[in-house]
Amino acid sequence: MKPRKITNQIYWMGSIDWDRRLFDSLIPLPDGTSYNAYLVKGSDKIALVDTVDPAMANELLYQLEGVDKIDYIISNHAEQDHSGSIPHVLSKFPEAKIVTTTKAKGMLIELLRIPEKFFITIEDGGILSLGDKTLKFIYTPWVHWPETMVTYLQEDKVLFSCDFFGSHLATSNLYVIDEGRVYEAAKRYYAEIMMPFRKIIAKNLKKLESYDIEMIAPSHGPIYPRPSFIIDAYRDWIFNAPRNTVVLPYVSMHKSTKLMVDHFVAALVERGVGVEQFNLVVTDIGKLAISLVDACTIIIGTPTVLAGPHPLAIYAAFLSNALRPKAKFLSIIGSYGWGGKTIEVLSGMIPNLKVEIIDPVLSKGVPKESDFKAIEHLAEIISMKHQELNIK
Ligand code: FEO
């Protein structure tokens, strides 16, 4: 694909990765992704903002064929999906300098073995003139590594945000057209890589408030011509109270746990509590992550196997702990045959979660009437706790 003009002397370059289905050998990408680089032509100097995944380097080099020189490569983030083609660009433009944070410089040297002579480091708030265009660099740590920054093009009021505000979405649309579709992709993206750092990201959002931003150009997914759409979404995900919902990842072997889950879900719905239920055997982990953004309560459903929780339930607990959602309560439901340490194991896996643990309910074998009563009681407690918090 050829470069695409965005506005006055600013061009999208990059690659749309329609076929990629997994990131970091972990994160599902049901809609593919894109790696967006941007060329900014000033009257004196030319800057390339970020590059592309190294697997797509040839596409970027093709787009750069008509470009006479690159003075600066702005590296907002050292992760290879944005930095991995820097060595390829340097081989074509050996006079270019990489402009980045001190932390990112160290990472780029370690990750890509780029010689130190290529680097210019900048401070938070640093300015770089391209002639009639001026780039300002704003440190925004943990979007999504500690070294990350964003770049603000002052004259055109464009924010090049790299991972921040991005979405894993392969689309031929240069700009966001269907906000509903992008909302889900961006929320998935936030849940999977930003949510664990949301307290720091809250400070980054605050920091950006003083900038007049007319367009956000991220390095994944389409460009936001209406920045308030994604900024408001981030504010909601980060600052707003959790919603009146329970997220329920579960697995069942011989249907006992499934019977408990079904009864529990019905009891919650009767009490006006929303539920998002995920059978972990067939679950897209990204969907589970999205649900964790807003849920007030997490319930893990598991049978007992090899004297402990099912490995898929362990995975769900590990993921919930790593993503650090803002949930307030957690419990466990399920079943066992003769004993085991299911509750102790799962309870010990969630030190990052600031949750109140509500008494679990496990049935011995197929659930009996008393187990169903206990499940209803658990639903009642959750409903009351949500009401006490006055959440919607
Ligand atoms: Fe898109 Fe953290 O890299």
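These legends go with a set of close-ups of one predicted model.

**View 1. The whole chain, before zooming in.** Here's the full predicted chain, with its 392 residues, of which 57% are buried. Along the principal axes, the C-alpha trace spans about 80 × 40 × 35 Å. Count up the secondary structure and you get twelve helices and 22 strands. Take the contacts with a separation of 6 or more: 72% of them come from residues 24 or more positions apart.

**View 2. Where domain 1 meets domain 2.** The domain assignment splits the chain into domain 1 (4-239) and domain 2 (243-386). Their C-alpha centres sit 38 Å apart. As for who touches whom, 16 residues of domain 1 are in contact with 16 residues of domain 2.

**View 3. Two phenylalanines, one stacked pair.** The model holds eleven aromatic pairs. One of them is Phe164 with Phe165: the rings are 4.0 Å apart centre to centre, with 10 degrees between the planes, so the pair counts as stacked, the cut-off being under 30 degrees. Phe164 has a relative accessible area of 0%, so it's buried. Phe165 also comes out at 0% relative accessibility and therefore counts as buried.

**View 4. A tilted pair on helix 7.** Now look at Tyr234 and Trp237, whose ring centres are 5.4 Å apart and whose planes make an angle of 50 degrees, giving a tilted pair. Both residues belong to helix 7 (residues 227-239), where they're three residues apart, or about one turn of the helix. Tyr234 and Trp237 are both buried.

**View 5. The aromatic cluster that takes in both pairs.** Pull back a little and the rings of the last two views turn up in one aromatic cluster, made of Phe164, Phe165, Tyr183, Tyr190, Tyr234 and Trp237.

**View 6. Helix 6 crossing helix 7.** The axes of helix 6 (residues 198-208) and helix 7 come within 10 Å, crossing at roughly 140 degrees. This crossing is left-handed. On the helix 6 side, the contact uses Arg198, Ile201, Ala202 and Leu205, while helix 7 brings in Tyr234, Arg235, Ile238 and Phe239. Sort the residues of this contact by type and you find six nonpolar, two charged and no polar ones. Tyr234 is a familiar face here: besides its part in this helix contact, it belongs to the aromatic cluster.

Definitions and conventions:
Residues numbered from 1 in each chain as written. Predicted model: local features only at pLDDT ≥ 70, side-chain atom pairs only at ≥ 80, totals over all residues. Heavy atoms only, no water. Phe/Tyr/Trp six-rings, centres within 6.5 Å; stacked < 30°, edge-to-face > 60°. Buried < 20%, exposed > 50% of the residue type's maximum accessible area, 1.4 Å probe, protein only. Helix = DSSP H or I, 4+ residues; strand = E, 2+ residues; numbered from the N terminus. Axes fitted to C-alpha atoms, helices over the stretch in contact; angles between N-to-C directions. Left-handed = near helix turned anticlockwise from the far one by under 90°. Contact = heavy atoms within 4.5 Å. Nonpolar A, V, L, I, M, F, W, Y, C, P; charged D, E, K, R; others polar. Domains from an automatic or database assignment.
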